[in-house]
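Subject: Structure handover

Hello,

Here is the structure I promised to pass on. Please open it first, then read my notes below.

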Amino acid sequence: NLGEDSCRNVANFLIGDDRYGRKLIIFSSCCLPPSHQLNHRRLLEYLKFTLDQYVEMDYILVYFHYGLRSSNKPSLKWLREAYSEFDRKYKKNMKTLYVVHPTNFIRIVWNIFKPLISHKFGKKLTYVNYLSELGEHLNYEQLIIPPDVLRHDEKLRAAQKGEPPPSVKTPPARPPLPTQQFGVSLQYIREKNREAMIPPVITQTVTYLKEKGLMTEGIFRRSARVQLIKDVQKLYNLGKAVNFDEFGDVHVPAVILKTFLRELPEPLLTFRVYNQVQDFLNVESSLRITRCKQLVESLPEHNYIVAKYLLSFLHMVSQQSIVNKMSASNLACVFGVNLVWPRHGSISLSALTPINIFTDILIEHFHTVFGSRCPPAQVMP
């Protein structure tokens with residue numbers, strides 16, 4: 001079915017997390033076929049169906065505009081219909097809409113629709129002229145960008161007259177501080193923190209959330225102000241005390257916990273486990289808990305201890321799902337990509353399914369999966 005295949009190509013939802021735990025969703029115009037070959041109604045239904053899996057949590061939408069031509073351009077009537085069908089639940093949790101390589105057409109369409117668009121939604125739009133600018137906002141390496149878009153960006157940069165090409169801002173190469181907590185290995189943190197098995201960021205966020213976050217609806221689904229998260233990270237990296245009560249937002253420690261996990265040089269469950277998790281769909285349902293247990297018990301001791309501490313807490317959160325709406329499956333959607341990811345490249349939508357199933361079992365069947373290999377009692381949450 002050409003219409004259905006085209007929908008999948010256009011809405012190639014490459015799902016990952018940005019630096020602050022928000023889902024990334026990518027839409028590429030260059031993948032749009034000629035209009036007469038695309039069932040636009042099917043495309044709209046496919047967009048809604050796919051977004052429905054993620055709109056209950058905060059997310060970022062990246063739109064690559066290059067490749068939209070007169071032959072594949074949707075009509076203004078369809079655009080208006082699409083905007084009206086994406087009701088508040090889709091718009092509420094979209095934190096930013098990045099429009100990459102905007103043209104006059106985009107700006108004209110935006111002005112046409114401006115009377116229909118709320119001021120609050122309008123503030124979410126950010127134009128990005130070069131891919132290097134996008135790298136200042138997102139984990140650039142995580143994005144799978146269509147080759148046509150990459151070539152177009154190179155031409156734009158080459159066409160700049162007398163101006164240096166924009167560069168991605170990268171921190172200077174230097175050894176980490178002795179107090180560094182983010183972006184360094186578990187082993188480094190342990191050595192610099194008197195051999196503490198559980199990193200301070202994890203113990204402090206988990207302790208706070210156990211006390212004040214278990215009954216918060218949508219805990220781990222919401223984001224927090226980006227600058228605030230950066231400030232908290234800086235405090236931790238400088239070895240300064242962090243008092244989460246000062247921020248008045250229980251989602252701050254929740255985002256900090258996800259950010260810490262995502263910035264580990266190697267995922268908590270290790271690169272080696274990733275390929276084995278990808279084979280998870282080939283394991284019979286009745287054997288999956290046993291397979292999870294085998295994978296977890298194969299982890300290095302330190303990783304196992306930290307994973308058991310964290311998953312014990314997430315199991316505790318799931319036990320309050322009647323109130324906080326965070327069942328094991330919902331938590332798996334949030335934490336899966338923060339626990340395991342490939343050594344190279346990003347996680348596509350198809351790769352996400354086995355990760356989520358695997359993480360769901362870790363949380364739902366925590367006592368069975370982690371039952372026989374016991375870490376010291378003092379590191380249990």
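Glu297 forms a salt bridge with Lys293. The closest N and O atoms of the two are 3.2 Å apart. Both residues lie in helix 14, which covers residues 288-297. They are 4 residues apart, about one turn of the helix. Glu297 is partly exposed, with a relative accessible area of 29%. Lys293 is partly exposed too, with a value of 22%. Please keep in mind that this is a predicted model.

Other salt bridges

The count of salt bridges comes to 4. One of them joins Arg151 to Asp148, with 2.4 Å between the closest N and O atoms. This pair sits in helix 8, residues 147-158. The spacing is 3 residues, again about one turn of the helix. Arg151 has a relative accessible area of 45%, so it counts as partly exposed. Asp148 is at 35% and is also partly exposed.

Glu195 and Arg190 make another salt bridge. Here the closest N and O atoms are 2.9 Å apart. Glu195 is partly exposed at 45% relative accessible area. Arg190 is partly exposed at 21%. Why does Arg190 count as partly exposed rather than buried? Buried means under 20% relative accessible area, and Arg190 has 21%.

Strands

How many residues of strand 4 are buried? The strand spans residues 94-100, and 6 of its 7 residues are buried. Strand 4 is therefore mostly covered, buried being under 20% relative accessible area.

Strand 4 has two partners to look at. Strand 3, residues 59-64, runs parallel to strand 4, and 6 bridges join them. Ile60 stands opposite Thr96 of strand 4. Strand 5, residues 125-128, also pairs with strand 4 in the parallel sense, over 4 bridges. In that pairing, Val99 has Tyr127 of strand 5 as its bridge partner. One point helps when you look at the side chains. In a regular strand they alternate between the two faces of the sheet.

Nonpolar patch and rings

Leu76, Ile108 and Ile112 form a nonpolar patch on the surface. Together they have about 270 Å² of accessible area. Ile108 belongs to helix 5, residues 104-113.

The structure holds 10 aromatic pairs. Ring pairs link Phe182, Tyr236 and Phe260 into a cluster. A charge also meets a ring elsewhere: Arg262 lies over the face of Trp341, at 4.4 Å from the ring centre.

Residues apart in sequence

Which residue is paired here with Gly213, 104 residues apart in sequence? That is Val317, with 8.7 Å between the two C-alpha atoms. Gly213 is in the loop between helix 10 (200-212) and helix 11 (226-237). Gly213 is at 3% relative accessibility, so it counts as buried.

Gln319 and Leu214 are 105 residues apart along the chain. Their C-alpha atoms are separated by 9.2 Å. Gln319 lies in the loop between helix 15 (301-318) and helix 16 (321-324). With a relative accessible area of 52%, Gln319 is exposed.

Ile305 has its place in helix 15. Is Ile305 buried or exposed? Ile305 is buried, with a relative accessible area of 4%. Its C-alpha atom is 9.8 Å from that of Phe370. Those two residues are 65 residues apart along the chain.

Positive phi angles

Arg194 is not a glycine, although its phi is positive, at about 55 degrees. Arg194 sits in the loop between helix 9 (186-192) and helix 10. At 84% relative accessibility, Arg194 counts as exposed.

Lys325 also has a positive phi, near 65 degrees, in a residue other than glycine. Lys325 is found in the loop between helix 16 and helix 17 (328-339). It is partly exposed, with a relative accessible area of 43%.

Best wishes

Technical notes:
Residues are numbered from 1 along each chain as its sequence is written. This is a predicted model: local features need pLDDT of at least 70, side-chain atom pairs count only at pLDDT 80 or more; totals for chains, interfaces and linings use all residues. Side-chain values use heavy atoms; hydrogens and water are left out. Buried means under 20% relative accessible area, exposed over 50%, partly exposed in between (1.4 Å probe, protein chains only). Helices (H or I, at least four residues) and strands (E, at least two) are DSSP runs, numbered from the N terminus. Two strands pair if DSSP finds at least two bridges between them. A salt bridge is a side-chain nitrogen of Lys or Arg within 4 Å of a carboxyl oxygen of Asp or Glu. Patches are made of residues with over 30% relative accessible area and no salt bridge: like charges are joined within 9 Å, nonpolar side chains (Val, Leu, Ile, Met, Phe, Trp, Tyr) within 5 Å. Accessible areas come from the Shrake-Rupley method with a 1.4 Å probe; for residues, only the protein chains shown count as cover. Rings of Phe, Tyr and Trp (its six-membered ring) pair if their centres lie within 6.5 Å; planes under 30 degrees apart count as stacked, over 60 as edge-to-face and the rest as tilted. A charge sits over a ring if NZ of Lys or CZ of Arg is within 6 Å of the ring centre and within 35 degrees of the ring normal.
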